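Biologist: Before we look at anything, I would like to learn how a structural model is read feature by feature. Could you take me through it slowly?

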Amino acid sequence: ANSLFRLGMRTVNNHSAASTDASNSGTVSLSLGVATSTGSSLTPPTLAMVTAGGSIWNSIYPTQIWGTQSGTTMTVDGTGATVSLVALGVGPNTSLIGATMTAPPQYPGPASNIYYYRYIPIFAVYSDGRRAQLKGVVDPFGRTIASSLNQYTSSGPDFLPPGVSRTPE
């Protein structure tokens with residue numbers, strides 16, 4: 001929680017089970033903590049952690065470079081500090097609206113009221129409390145943006161012969 005708090009986040013929104021629209025269901029505000037003149041008081045909520053060794057994790061921390069992960073953490077330095085990856089949706093209740101974006105990014109999928117169709121930023125958070133870092137963005141299926149673009153350019157309308165892409169060669 002301290003890593004996200006140091007990034008400037010004060011609250012995250014949890015999904016409401018009563019919502020009828022999955023892409024706009026993050027309406028339950030959870031505090032990360034409170035800053036005072038004498039310090040900060042943290043109240044870490046349960047967050048969506050990325051499993052170490054999975055495709056999202058390995059796209060950010062390749063095993064041939066970073067080494068061994070366990071559960072949802074990996075040791076990053078000689079002091080024993082660990083890193084975890086947290087997935088946070090960017091929905092219509094974000095404080096970024098009006099400050100850095102006009103609307104939250106919507107993934108172009110069908111039935112957005114049933115499935116969560118928003119892009120999901122992945123943040124690295126550290127056990128020693130250092131500032132969180134934005135490490136990547138995935139679509140609702142856990143694919144990186146590069147993967148989605150590759151799928152788009154390698155597919156085409158029915159009238160294109162197999163092996164012909166949408167992009168000019």
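Modeller: What follows is a walk through the fold, the largest pocket, the aromatic pairs and two residues with partners elsewhere in the chain. Please keep in mind throughout that this is a predicted model.

Biologist: Let us begin with the fold; how many helices and strands does the chain have, and in what order do the elements run from the N terminus on?

Modeller: The chain has four helices and nine strands, and, read from the N terminus on, their order is α-β-β-β-β-β-α-α-β-β-β-β-α. Among contacts between residues at least 6 apart in sequence, 47% join residues that are at least 24 apart.

Biologist: What share of the residues counts as buried, and how much accessible surface does the chain have?

Modeller: The chain has 169 residues, of which 29% count as buried. Its accessible surface comes to about 10,100 Å², with 55% of that belonging to carbon and sulfur atoms.

Biologist: How should I think about empty space in a model, and how much space lies in the largest pocket?

Modeller: The general idea is that a probe the size of a water molecule, rolled over the atoms, shows where empty space is left. In this structure, the largest pocket holds about 990 Å³ of space. Its lining consists of 41 residues, and those closest to the centre of the pocket are V12, N13, L88, G89 and V90.

Biologist: Which strands supply at least two residues each of that lining, and what is its make-up by class?

Modeller: Strands β1 (11–15), β2 (26–31), β8 (120–126) and β9 (133–138) each supply at least two residues, and the largest share, five residues, comes from β1. By class, the lining of this pocket has 22 nonpolar, 16 polar and three charged residues.

Biologist: Next, the aromatic rings; how many aromatic pairs are there, and how are they arranged?

Modeller: Rings of Phe, Tyr and Trp pair if their centres lie within 6.5 Å, and by this rule the count comes to two aromatic pairs. One of them joins W57 and Y61, which are tilted, with 5.6 Å from centre to centre and 50° between the planes; W57 and Y61 are both buried. The pair of Y117 and F141 is also tilted, at 6.1 Å centre to centre and with 55° between the planes. This pair links distant parts of the chain, since Y117 lies in the loop between β7 (82–87) and β8 while F141, 24 residues apart from it, lies in the loop between β9 and α4 (145–154).

Biologist: Why does Y117 count as buried, and is F141 buried or exposed?

Modeller: Buried means under 20% relative accessible area and exposed means over 50%. Y117 counts as buried because its relative accessibility is 7%, whereas F141 is exposed, with a relative accessible area of 51%.

Biologist: Finally, what does S3 touch beyond residues up to four places away in sequence, and which residues is T82 in contact with?

Modeller: S3 lies in helix α1 (residues 2–7) and, at 2% relative accessibility, counts as buried. With sequence neighbours up to four places away left out, S3 touches V125, Y126, G129, R130, R131 and A132. The C-alpha atoms of S3 and Q133 are separated by 8.4 Å, although the two residues are 130 apart along the chain. T82, placed in strand β7, is in contact with T73, M74, T75, V76, V125, Y126 and S127, leaving aside neighbours within four places in sequence. From T82 to A124, 42 residues apart in sequence, the C-alpha distance is 9.9 Å.

How values were computed: Residues numbered from 1 in each chain as written. Predicted model: local features only at pLDDT ≥ 70, side-chain atom pairs only at ≥ 80, totals over all residues. Heavy atoms only, no water. 1 Å grid on protein atoms, 1.4 Å probe; cavity = no way out; pocket = protein on both sides within 12 Å on 5 of 7 lines; lining within 4 Å. Points joined across faces, edges and corners; volume = space filled by probe spheres on them. Nonpolar A, V, L, I, M, F, W, Y, C, P; charged D, E, K, R; others polar. Buried < 20%, exposed > 50% of the residue type's maximum accessible area, 1.4 Å probe, protein only. Contact = heavy atoms within 4.5 Å. Areas by Shrake-Rupley, 256 points an atom, 1.4 Å probe, with all protein chains shown as cover. Phe/Tyr/Trp six-rings, centres within 6.5 Å; stacked < 30°, edge-to-face > 60°.
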